[in-house]
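Please open the model in a viewer and keep the selection tool at hand. The stops below are meant to be taken in order.

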Amino acid sequence: MNISSFLRTTQSALSLRRSLNCWTAGITKVHRKNYLNTYPTILVLPDGSSINIEYEHEPRRIIFLPINLSALTPEERKMRLEKRRLVKKVKIEDEYQDDFDETKFFKN
C-alpha cells in the first residue's frame, strides 16, 4: 500500500468534515428528534438591552430579568423598593343625609 494514496484519502475525509461555529448554528435548523412547542419571546436584560428568544414553557411576550439591587446606589435602591410596594387604594364612602319624607306623598 502506498503512503501517498493513504494520505490523499484521509485529507479528502478531513475536508468533508463540517465546520461548526456560531454562524452555522444561526443559519441551520434546530436538530432534535422531538420538537417542542416554542413561543417567540423578548428577553429584556437588566441593562435594558433585549434579545429575541424561543421560550418553551408557556406563551409570554416579554420576560424581564431582575436587577441586582446590591449593585445600585442607595437612592436608586430606595426608588426601586418603593415601586415594589403595593399601593393601597383608599376607599371613600360618602354618607348621604336626605331629608326625604315619604309620608308626605301618601293620600289617606
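The tour of this predicted model moves from a sheet to a surface patch and then to a pair of rings.

**The sheet.** Begin in cartoon representation and select residues 39-44, which make up strand S1. Add strand S2 (50-55) and strand S3 (62-64) to the selection. The 3 strands form an open sheet of mixed pairing, ordered S2-S1-S3. S2 and S3 stand at the edges; each has a single partner strand, so one side of each is left without a neighbour in the sheet. From one strand to the next, the twist averages 30 degrees.

**The S1 and S3 pairing.** Keep S1 and S3 in view: the two run in the parallel sense and are paired over 3 bridges. Next, show Ile42 and Ile62 as sticks; Ile42 stands opposite Ile62, a residue of S3.

**The nonpolar patch.** Add Phe64, which also belongs to the selection because strand S3 spans 62-64. Switch to a surface representation: Ile42, Ile62 and Phe64 make a nonpolar surface patch of about 280 Å². Is Phe64 buried or exposed? Its relative accessible area is 59%, and Phe64 therefore counts as exposed, the threshold being over 50%.

**The aromatic pair.** Finally, select Phe100 and Phe105 and display the rings. A pair of aromatic rings is described by the distance of the centres and the angle of the planes. For Phe100 and Phe105, the centres are 5.8 Å apart and the planes form an angle of 25 degrees. The pair is classed as stacked, since planes under 30 degrees apart meet that criterion. The count of aromatic pairs in the model comes to 1. Phe100 and Phe105 are both exposed.

How values were computed. Residues are numbered from 1 along each chain as its sequence is written. This is a predicted model: local features need pLDDT of at least 70, side-chain atom pairs count only at pLDDT 80 or more; totals for chains, interfaces and linings use all residues. Side-chain values use heavy atoms; hydrogens and water are left out. Two strands pair if DSSP finds at least two bridges between them. Helices (H or I, at least four residues) and strands (E, at least two) are DSSP runs, numbered from the N terminus. Axes are lines fitted to C-alpha atoms, for helices over the stretch in contact, and angles run from 0 to 180 degrees between N-to-C directions. Rings of Phe, Tyr and Trp (its six-membered ring) pair if their centres lie within 6.5 Å; planes under 30 degrees apart count as stacked, over 60 as edge-to-face and the rest as tilted. Buried means under 20% relative accessible area, exposed over 50%, partly exposed in between (1.4 Å probe, protein chains only). Patches are made of residues with over 30% relative accessible area and no salt bridge: like charges are joined within 9 Å, nonpolar side chains (Val, Leu, Ile, Met, Phe, Trp, Tyr) within 5 Å. Accessible areas come from the Shrake-Rupley method with a 1.4 Å probe; for residues, only the protein chains shown count as cover. A salt bridge is a side-chain nitrogen of Lys or Arg within 4 Å of a carboxyl oxygen of Asp or Glu.
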